[in-house]
Amino acid sequence: MLFKWATSDNSTTCGKVYIFPAGKEILEYSIPSLGLTGIINGNQIVITSESIVTISSYVANFKTNGVSVSVNDVPQTSGVSSNDYNSPLKYVVTGTDGSTNEYTVQMVAPRVLGSGSLRLWFKADQLTLNDGDPVTSWSDVSGYGNHISQPTINIWPIYRKNQVNGYPAVAFRSALTSQMELPSGGVGLYVSDSGSFFFVKRLVSIGSAITLIRLCYTLGREIGISNVLGEYAVCRNATTCVSPSSIPLPMLQFISIGTVQTLTSNVREYRYGKFAGQSALDGTYSYAGGSNMDRVLLGNGNLDADIAELLYFNTNLSETDVEKVFFYLNTKYKLSP
């Protein structure tokens, strides 16, 4: 344990008085009424729900080693105090020496974001598999039932435990031509040319014609990786692609990354929640003429990457909602630039 000392007497402690740091941490955090436990990463706490579609006020249970806790100068009592979770909360914990420590607590319910536009949500930690098991199906938890699967033996991706901050990932390998799909019947995947994608992923190697995800058969929305520099690319399948940041993806490193496309006006790229670049678009990025717009393809057999989580919204998220998505992903997976 870290400590400091001061020479202040001639006691049996060799003239030293050991002064231990005052406790001022939040050790546990939950909202019992929703059955949710907060994820604590440093001074960030995220509460996430797969199911709720509205956010309101809730009573939190928390455990602290401080002497008092407040939110906006209002004293807080575990199991009693209620707060509105529509905006981030600033919790201030005061230690025995009067010093303070501030936490940002935020509830992120992806089904609420973008006016309820979440249509795909795949989480590796939602799978109940053993390390090394093939992933034959992956349930969509967006509420729209856009589940993906792979019936063909030997091209299944592989489930791997403890890949990023203790969470698992699904490993797609070109040697296995790994891919998963929903051949048809996808619900709500296309509304307009706007759309927002977010990933927690690790690129393993760069091959040819790499597809992360495609929501069509041809001439539709696709997210890929350029096979020359390994840049994150937004594409109209079989026609054209653009790399908003033109920054190569890091190899063998989990990152949180995403893009927000606004109609055929522009597309913005974010890494770890920070703006990374923007590209202007034109009418060639209209997906209205795509075929099989109710199809989902994750990987295309050339993908060498590990995917821990993926979210897709069929609209362009606001900057506020983008920040919430990354707050959730970065806190959960302990990611930073």
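1. Let's start with a term you'll need: a salt bridge here is a side-chain nitrogen of Lys or Arg within 4 Å of a carboxyl oxygen of Asp or Glu. Side chains of opposite charge can pair when their charged atoms come close. Keep in mind that what you have in front of you is a predicted model.

2. Now the overall layout. The chain splits into domain 1, covering 26-108, and domain 2, covering 114-333. Going by C-alpha atoms, the centres of the two domains sit 31 Å apart. Where they touch, domain 1 contributes twelve residues and domain 2 contributes ten.

3. How much area do domain 1 and domain 2 bury between them? The figure is about 1100 Å², with 64% of it on carbon and sulfur atoms. On the domain 1 side, have a look at I39, E50 and Q106: this trio supplies 44% of the area that domain 1 buries against domain 2, more than any other three residues.

4. Back to our opening term. Which residue forms a salt bridge with E50? It's K123, and the closest N and O atoms of the pair are 2.6 Å apart. That distance fits the 4 Å cut-off. E50 falls in the range of domain 1 and K123 in that of domain 2, and the rule finds one salt bridge across this interface. So E50 turns up twice in this note: in the salt bridge with K123, and in the trio from point 3.

5. Polar contacts between domain 1 and domain 2 come to two residue pairs, counting those where both residues have pLDDT 80 or more. On the side of domain 1 that touches domain 2, the elements giving two or more residues are strand 5 (39-41), strand 6 (44-48) and strand 13 (100-108). Strand 6 gives the most, with four residues. By type, the residues on that side are four nonpolar, seven polar and one charged.

6. A quick check against the record: UniProt, in an unreviewed entry, places the feature "domain: DUF5018" at residues 24-112. Over that stretch the chain is 0% helix and 53% strand. Its end C-alpha atoms are 33 Å apart.

7. Finally, zoom out to the salt bridges as a whole, which number ten by this rule. One of them joins E181 and R295, with the closest N and O atoms 3.0 Å apart. E181 is in strand 19 (residues 180-182), while R295 is in the loop between strand 27 (274-280) and strand 28 (296-298), so this pair ties together parts that are 114 residues apart in sequence.

Methods. Residues are numbered from 1 along each chain as its sequence is written. This is a predicted model: local features need pLDDT of at least 70, side-chain atom pairs count only at pLDDT 80 or more; totals for chains, interfaces and linings use all residues. Side-chain values use heavy atoms; hydrogens and water are left out. Domain bounds come from an automatic or database domain assignment. Contact means heavy atoms within 4.5 Å. Buried area is the accessible area (1.4 Å probe) that two parts lose on being put together, summed over both. A polar contact is a pair of N or O atoms within 3.5 Å; within protein, one must be able to donate a hydrogen and the other to accept it, and residues adjacent in sequence count only if both atoms are side-chain atoms. Ala, Val, Leu, Ile, Met, Phe, Trp, Tyr, Cys and Pro count as nonpolar, Asp, Glu, Lys and Arg as charged, and the others, Gly among them, as polar. UniProt positions are given in the numbering used here, feature names are shortened, and annotations may be inferred rather than shown by experiment.
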